[in-house]
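Subject: Handover of a structure and its findings

Dear colleague,

Please find below the structure that I am handing over to you, together with its sequence. My notes on what was found follow directly after it.

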Amino acid sequence: MNLKDEKSVYLDEVEFEDVSFFNPQTLMIFDSSIQLMHVINIAHEVTQSRTVIGKPVFSRLIEMEAEPVNVSEFQELARLALPKMFYDFYAGGAEDQHTLEENVKAFQRIFIRPRVLIDVSRIDTSTTIMGYNTLAPIMIAPTAMHKLAHPEGEVATARASANANVIMVLSFNSTCTIEEVASSCNAVRFFQLYVYKRREISAFMVQRAERNGFKAIVLTVDTPRLGRREADIKNKMISPQLKNFEGLISTEVDTDKGSNLQAFASGVLDASLCWKDIGWLKSITSLPVLIKGVLTREDALRALEVGVAGIIVSNHGARQLDYSPSTISVLEEVVVAVQGKIPVLFDGGVRRGTDIFKALALGAQAVMIGRPVIYGLAAKGEHGVSRVINMLKDELELTMALSGCCTVKDICRSHVTTEIDRVHCRL
Ligand SMILES: Cc1cc2nc3c(=O)[nH]c(=O)nc-3n(C[C@H](O)[C@H](O)[C@H](O)COP(=O)(O)O)c2cc1C
């Protein structure tokens, strides 16, 4: 059977009317075999129809047979596995994508100063984050809509993070509900929050997260409006209806003018959110509140003043303000301002264990990983996410051994040299 035949057979067999999760129009724009397979996978999950499982799914597994050895290889597998629209959504950044590139490249300009003749026969990567023990200083960053990467969505990610004993931050814009994720496995999880113009919706989400055992609220503060992601505009990226908001808000927006994400976000996000609102958030929950999206010493000091429980240095994976600095280049500025009073977490561009080591040396308590998790999920589902976490953990362990650090606490500022250090040396 050639591909053309397969395509028509499978499209005939899937009952698109049943695919409530998916906008049926979207299905028609995919044309390559791999893209079609992905759609079939999603359709299967919704319809539970045996007829759609067959050669396409099998071929997809063959495609993914080779075990990737690093995060970049997972990214390539994800690119092959996903419809272009979804891959671009996950991989892309804002406007010229200058910050997107810098997030990764800035790590490459930091060098490690290894120490020798230290007994490194035992390495312990475990640490404590916000009072919780974890296997490594690695967390799962909140990223939206995991079901576009894999039919099991955030539940697969949650299971992988629970098995690896690392903390997952569930996105406000998840495709599995808060309850589905909470009941999928026992683990320490945080909940990421956007504040909507209709505050009662955000408050309701906080209450649901709290009721379902989430341990902290991560308030994202860099998104008064959505960044301009041009790939999504070109692709007319379509967001599925998010089950968490069923009966509360509709995500259906006319896509004729481009991506519906921007139109949806501008309709719902509260651009008036400001420092005094941290007080409001603290008043509606007993959970600790961290803020995600701080890039300057000034904002770090304000955060201390309003009494947040932690700061996450993040530029939203370079999806918001292009030409904002790479996160690793400003981490130390924030760490110095905070003076150890609250934990500083970090995300943006972490692709290697050496990157984690560098961020810890510059004062982060832990790093969060965004896209690598999605790439693992897209390529191999829950197993892929586990592989990505373990790969990064193993790389960190090796870096520690080769640098003379037996524990996470041993990693300190003198283990790295930055561009600024090198300039100072020359003066
Ligand atoms: C596809 C995608 C969706 C994201 N969705 C959210 C979100 O819903 N909430 C949020 O606070 N951050 C979101 N982020 C930002 C991540 O939490 C994180 O800051 C970023 O991905 C870290 O950079 P990295 O992808 O280079 O690891 C998203 C990032 C990506 C790539």
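Two residues are in contact if their C-beta atoms, placed from the backbone, lie within 7 Å. On that basis, residues 24 or more positions apart account for 70% of the contacts in the chain with a separation of 6 or more. Please bear in mind throughout that this is a predicted model.

Overall make-up

The chain contains 18 helices and twelve strands. Of its 427 residues, 49% count as buried.

The barrel

Eight strands close into a barrel, and their order is 4-5-6-7-8-9-10-11, with parallel pairing. From one strand to the next, the twist averages 30°. Strand 4 (residues 138-140) and strand 5 (residues 167-170) run parallel and are joined by two bridges. Within that pair, Ile140 has Met168 of strand 5 as its bridge partner. Helix 10 (residues 199-211) packs on the sheet, where it touches strand 6 (189-193) and strand 7 (217-220). The direction of helix 10 makes about 180° with that of strand 6.

Strand 6 is also paired with strand 7, in the parallel sense and over three bridges. Phe191 stands opposite Ile217 in strand 7. Strand 7 is covered on both faces: Ile217 and Leu219 are buried on one side, and Val218 and Thr220 are buried on the other.

Where the barrel closes, helix 17 (residues 371-403) lies across strand 4 and strand 11 (366-369). Helix 17 runs at about 165° to strand 4.

The surroundings of the ligand

Which residues come nearest to the ligand? Of the 23 residues around the ligand, these are Ser171, Thr220, Gly317, Gly370 and Arg371. Thr220 is one of the buried residues of strand 7 mentioned above. By character, the residues of the shell divide into seven nonpolar, twelve polar and four charged.

The annotated positions

The UniProt record, an unreviewed entry, places the feature "active site" at His316. The same record places the feature "binding site" at Tyr194, Arg229, His316 and Arg319. Three of these positions are described here in turn.

His316 is in the loop between strand 9 (310-313) and helix 15 (327-338). A residue is buried if 20 or more other C-beta atoms lie within 10 Å of its own. His316 has 24 such neighbours and therefore counts as buried. Not counting residues up to four places away in sequence, His316 touches Asp222, Thr223 and Gly293.

Arg319 is likewise in the loop between strand 9 and helix 15. Arg319 is buried because 23 other C-beta atoms lie within 10 Å. Its contacts, again not counting residues up to four places away in sequence, are with Gly93, Ala94, Gly227 and Arg229.

Arg229 is in the loop between strand 7 and helix 11 (230-235). Because it has 23 C-beta neighbours inside 10 Å, Arg229 counts as buried. Leaving aside neighbours within four places in sequence, Arg229 is in contact with Gly92, Ala94 and Arg319. Ala94 is thus touched by Arg229 and by Arg319.

Yours sincerely

Conventions:
Residues numbered from 1 in each chain as written. Predicted model: local features only at pLDDT ≥ 70, side-chain atom pairs only at ≥ 80, totals over all residues. Pairing = 2+ DSSP bridges. Helix = DSSP H or I, 4+ residues; strand = E, 2+ residues; numbered from the N terminus. Axes fitted to C-alpha atoms, helices over the stretch in contact; angles between N-to-C directions. Near = placed C-beta within 6 Å. Nonpolar A, V, L, I, M, F, W, Y, C, P; charged D, E, K, R; others polar. UniProt positions renumbered as here; feature names shortened; annotations may be inferred. Buried ≥ 20, exposed ≤ 12 C-beta atoms within 10 Å, placed from the backbone.
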